[in-house]
Amino acid sequence: MKSLRDLPSVDQLLQTSEMQGWIAIYGRALTVEAARQALNRVRTSFAQENTIPDQAGLLSQAQSLLKGWTTPTLQPVINATGVILHTNLGRAPLSRSAMQAAQSVASGYSTLEYDLEKGQRGSRLVHAEAVLRRITGAEAAMAVNNNAGAVLLALSALARRRGVVIARSQLVEIGGGFRVPDVMKQSGARLVEVGTTNRVHLSDYEAALEEKPALILRAHRSNFRLLGFTSEPEMAEIAALAHQSGIPLMDDLGSGSLLDTARFGLGHEPTVQESLQAGADLVCFSGDKLLGGPQAGLIIGRADLVAKLKKHPLARAIRADKLCLAALNATLLHYLKGEAEEEVPVWRMIAASAERLRQRALGWAAALEQGQVIAGESTVGGGSLPGETLPTFLLVLSVKSPNRFLERLRQAYPPIIARLQGELVALDPRTVMTEQEPGLIAGLRSALSAAKKTPQPTQG
Ligand SMILES: *Cc1c(COP(=O)(O)O)cnc(C)c1O
């Protein structure tokens with residue numbers, strides 16, 4: 001085609017068998033829009049470039065528009081980073097039963113707020129409460145949309161216009177805009193800081209009680225460690241002091257494990273049960289960190305305090321939806337039945353033996369006929385156990401342009417997220433689900449063959 005007059009019309013394009021096929025896939029209106037935009041682009045660029053693509057070129061432009069408009073931005077990926085609770089990659093993968101539970105309520109009606117026995121309105125809060133109480137021994141429990149919401153709700157319901165005592169060493173920023181002092185401000189509570197950055201003493205808390213605070217808050221540091229000349233009173237000591245003065249103590253555990261991480265060669269992440277035993281009146285933690293369930297915020301503790309939270313208007317604004325509650329209940333049942341280690345993917349990944357990981361990495365290297373298997377480290381992530389690592393084995397590939405290679409892996413379907421170890425591309429089997437291995441190998445193969453074909457810029 002030489003001039004704009006040779007361009008086909010939208011109608012002519014629509015008659016092609018390609019366009020007819022796309023109408024079946026993408027719908028008529030969207031396909032017409034793609035044809036129109038492809039033609040418009042040619043008209044605009046003609047002014048500068050003086051060239052016109054042939055019909056095949058036009059069609060391929062329209063197709064890439066259609067693909068771009070309809071490809072979900074939220075899609076599954078293969079996590080080969082070795083970071084188990086990767087916040088950017090959706091944190092905890094769900095167990096099979098959790099997934100099935102969500103699916104079973106997704107496509108139809110459910111007892112979300114319906115009491116089958118009474119035949120009348122029920123509460124969505126019951127779906128998490130009984131099982132949470134049974135696992136933790138807490139008097140009461142509730143689930144909301146996420147843990148940031150849980151903290152905001154508790155502070156708003158219990159401490160609005162009043163003081164909340166917190167150690168300076170716990171005024172943390174978790175990431176994603178969650179900063180304890182900001183959440184405090186948002187809730188209307190007044191920050192009463194005690195101690196110094198590195199040390200806080202029981203007497204600091206004692207002195208702060210003269211301000212008649214509404215709450216003492218302890219926040220898990222989550223993503224950093226305090227080393228050196230440091231001290232903090234034990235939870236039980238703070239609890240005893242709080243209870244003498246009739247002030248509730250809340251523990252924001254962040255990840256909040258129900259199992260002891262020390263059993264897996266990791267440091268000890270404070271457990272939810274320990275926090276309750278030490279005397280916390282309320283404990284809140286995430287559903288999708290070490291619990292290994294859906295995004296949620298769990299609050300357990302004293303019945304009178306939880307009742308206040310349930311009644312607060314904010315509770316309605318941050319309530320959990322039916323998919324979350326179904327998956328959460330199924331996840332919690334794994335703990336109740338003592339099968340979390342086998343059934344919850346996060347714990348299966350934590351428990352995976354280095355030898356098993358080595359075998360998997362060797363299997364990948366054999367399938368690719370490339371790469372080496374070397375010792376490395378996986379991390380838990382998700383604001384738990386900062387600085388702690390699990391010994392693993394990595395498949396490492398030496399390629400000419402490692403960053404370009406990582407980009408190619410991200411363009412695979414499903415996309416593969418790997419990392420660099422020095423100049424090597426490293427893939428950690430710990431976080432790759434076994435059913436994703438064929439996809440991983442296929443993606444690696446095509447990235448490797450593409451890397452071979454690309455001529456490298458010569459030095460000099
Ligand atoms: C992660 C974390 C939160 C936020 O939890 P989300 O479930 O992500 O909202 C709050 N507090 C602490 C201490 C955390 O580690």
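In the predicted model, the sulfur of C284 lies 15 Å from the closest cysteine sulfur, which belongs to C324, and this separation is too far for a bond. A disulfide is a covalent bond between the sulfur atoms of two cysteines, and the cut-off applied here for such a pair is 2.5 Å. C324 likewise takes part in no disulfide, its nearest cysteine sulfur being that of C284 at 15 Å. The structure accordingly holds zero disulfides. Both cysteines are nevertheless withdrawn from the surface: C284 is buried, with a relative accessible area of 1%, and C324 is buried with a value of 7%.

The sheet was examined next. Seven strands form an open sheet with mixed pairing, in the order β5-β13-β12-β11-β10-β6-β9. Its edges are occupied by β5 (140–144) and β9 (190–194); each of these has a single partner strand, so one side of each is left without a neighbour in the sheet. From one strand to the next, the twist averages 20 degrees. Strands of a sheet pair through backbone hydrogen bonds, in either a parallel or an antiparallel manner. Strand β10 (residues 215–219) and strand β11 (residues 249–254) run parallel and are joined by four bridges. Within this pairing, R218 has D251 of β11 as its bridge partner.

Two helices that pack on the sheet were also analysed. Helix α7 (residues 147–159) touches β5, β6 (163–167), β10, β11, β12 (282–286) and β13 (297–301). The direction of α7 makes about 155 degrees with that of β12. Helix α10 (residues 235–244) also packs on the sheet, where its contacts are with β10 and β11. For α10, the angle to the direction of β11 is about 150 degrees. Strands β10 and β11 are therefore touched by α7 as well as by α10.

A further site concerns T16, which is found in the loop between α1 (10–15) and α2 (17–26). T16 counts as buried because its relative accessibility is 11%, below the 20% limit for that class. The side chain of T16 reaches the backbone oxygen of L13 at a distance of 2.7 Å. A polar atom of the same side chain lies 3.3 Å from the backbone nitrogen of M19. The T16 side chain thus has polar partners in the backbone of L13 and of M19. When neighbours within four places in sequence are left aside, T16 is in contact with Q55 and L59.

Technical notes. Residues numbered from 1 in each chain as written. Predicted model: local features only at pLDDT ≥ 70, side-chain atom pairs only at ≥ 80, totals over all residues. Heavy atoms only, no water. Buried < 20%, exposed > 50% of the residue type's maximum accessible area, 1.4 Å probe, protein only. Pairing = 2+ DSSP bridges. Axes fitted to C-alpha atoms, helices over the stretch in contact; angles between N-to-C directions. Contact = heavy atoms within 4.5 Å. Polar contact = N/O pair within 3.5 Å; in protein donor to acceptor, adjacent residues only side chain to side chain.
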